[in-house]
Amino acid sequence: MSGTSPRTESEQAFEQLNRRFRPGLMAFFLRRLGNHAEAEDLTQEVFIRLAGVDAARVQSAEAYIFQMAANLLRDRSRREKVRFDYRAEAMVAADAGVDLLDPLRVAADRESLAGLAAALGELPGRARTIFILYRLENVDKRDIAQAFEISLSTVERELTRVMAHLTRRVRGSG
């Protein structure tokens, strides 16, 4: 008795699909990408995804596989667009003299945030909650007034007081 187990029908079907479609997929990706390594990676991704499908049950293997390949290209294109947009924003920021990951700026921002949190902690509970609900949770002023059983003008007055307090504290005069 040999040490290998007999291959299932599904495994055999998968191997047949691999032999039949790998060269065509490579050509498909190479024509669109012009990069052999990326074409190989995407071809491998098609077969990784295909391994999760019962290959024997696929009706039209060619249509299924090449639709999967087209979807992978679309996904790749979307990811590349996101990366391109991020790099473009970073370049604009760099041209403006802003380093997005400048450690000093990050530390200063954290310090400002800590100061803001401390200033919020100094507020009475209701005022702090109203501010958080309105500014951070985007709850409508009317809904806040209703929840606290106070008038809309009281909510607005509380928000004005909180903003004045935070402004004084952030500017260092309070």
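**Entry 1. Accessibility of the ring residues**

I take a residue as buried under 20% relative accessible area, as exposed over 50%, and as partly exposed in between. The model I am reading is a predicted one. I looked up F66 against these limits: its relative accessible area is 21%, so F66 is partly exposed. F28, at 10% relative accessibility, counts as buried. F29 counts as buried as well, with a value of 0%.

**Entry 2. Aromatic pairs**

I searched the whole structure for aromatic pairs and obtained three. I describe a pair of aromatic rings by the distance of the centres and the angle of the planes. For F28 and F29 I noted 5.4 Å centre to centre and 70° between the planes, an edge-to-face pair. I then turned to F28 and F66, where the centres are 5.5 Å apart and the planes stand at 75°, so this pair is edge-to-face. Which parts of the chain does the pair of F28 and F66 tie together? F28 belongs to helix 1 and F66 to helix 3, so the pair joins parts that are 38 residues apart in sequence. I also recorded that ring pairs link F21, F28, F29 and F66 into a cluster.

**Entry 3. Nonpolar cores**

I next listed the largest nonpolar core, which has 17 residues. Which of its members touch the most others? They are L25, F29, V46 and I65. I checked where the core residues come from: helix 1 (9-33), helix 2 (36-51) and helix 3 (61-95) each supply at least two of them. For L25 I looked up the contacts, leaving out residues up to four places away in sequence, and found T43, V46, F47, I65, F66 and A69. I noted a second, separate core of 13 residues, with A119, I130, I144 and V155 among them.

**Entry 4. Helix 1 against helix 2**

I examined how helix 1 and helix 2 pack: the angle is about 145° and the axes are 8 Å apart. Their crossing is right-handed. On the side of helix 1, I found F14, L17, F21, L25 and F29 among the residues that make the contact. Helix 2 contributes residues including A39, L42, T43, V46 and F47. I looked up the character of the residues in this contact and recorded 14 nonpolar, four polar and three charged.

**Entry 5. Cross-reference**

I close with two residues that recur in these entries. F29 is in the ring cluster, and F29 is also named in the contact of helix 1 with helix 2. L25 is in that helix contact and touches F66.

Definitions and conventions: Residues numbered from 1 in each chain as written. Predicted model: local features only at pLDDT ≥ 70, side-chain atom pairs only at ≥ 80, totals over all residues. Heavy atoms only, no water. Core = buried A, V, L, I, M, F, W, Y, C linked by side-chain atoms within 4.5 Å. Buried < 20%, exposed > 50% of the residue type's maximum accessible area, 1.4 Å probe, protein only. Helix = DSSP H or I, 4+ residues; strand = E, 2+ residues; numbered from the N terminus. Contact = heavy atoms within 4.5 Å. Phe/Tyr/Trp six-rings, centres within 6.5 Å; stacked < 30°, edge-to-face > 60°. Axes fitted to C-alpha atoms, helices over the stretch in contact; angles between N-to-C directions. Left-handed = near helix turned anticlockwise from the far one by under 90°. Nonpolar A, V, L, I, M, F, W, Y, C, P; charged D, E, K, R; others polar.
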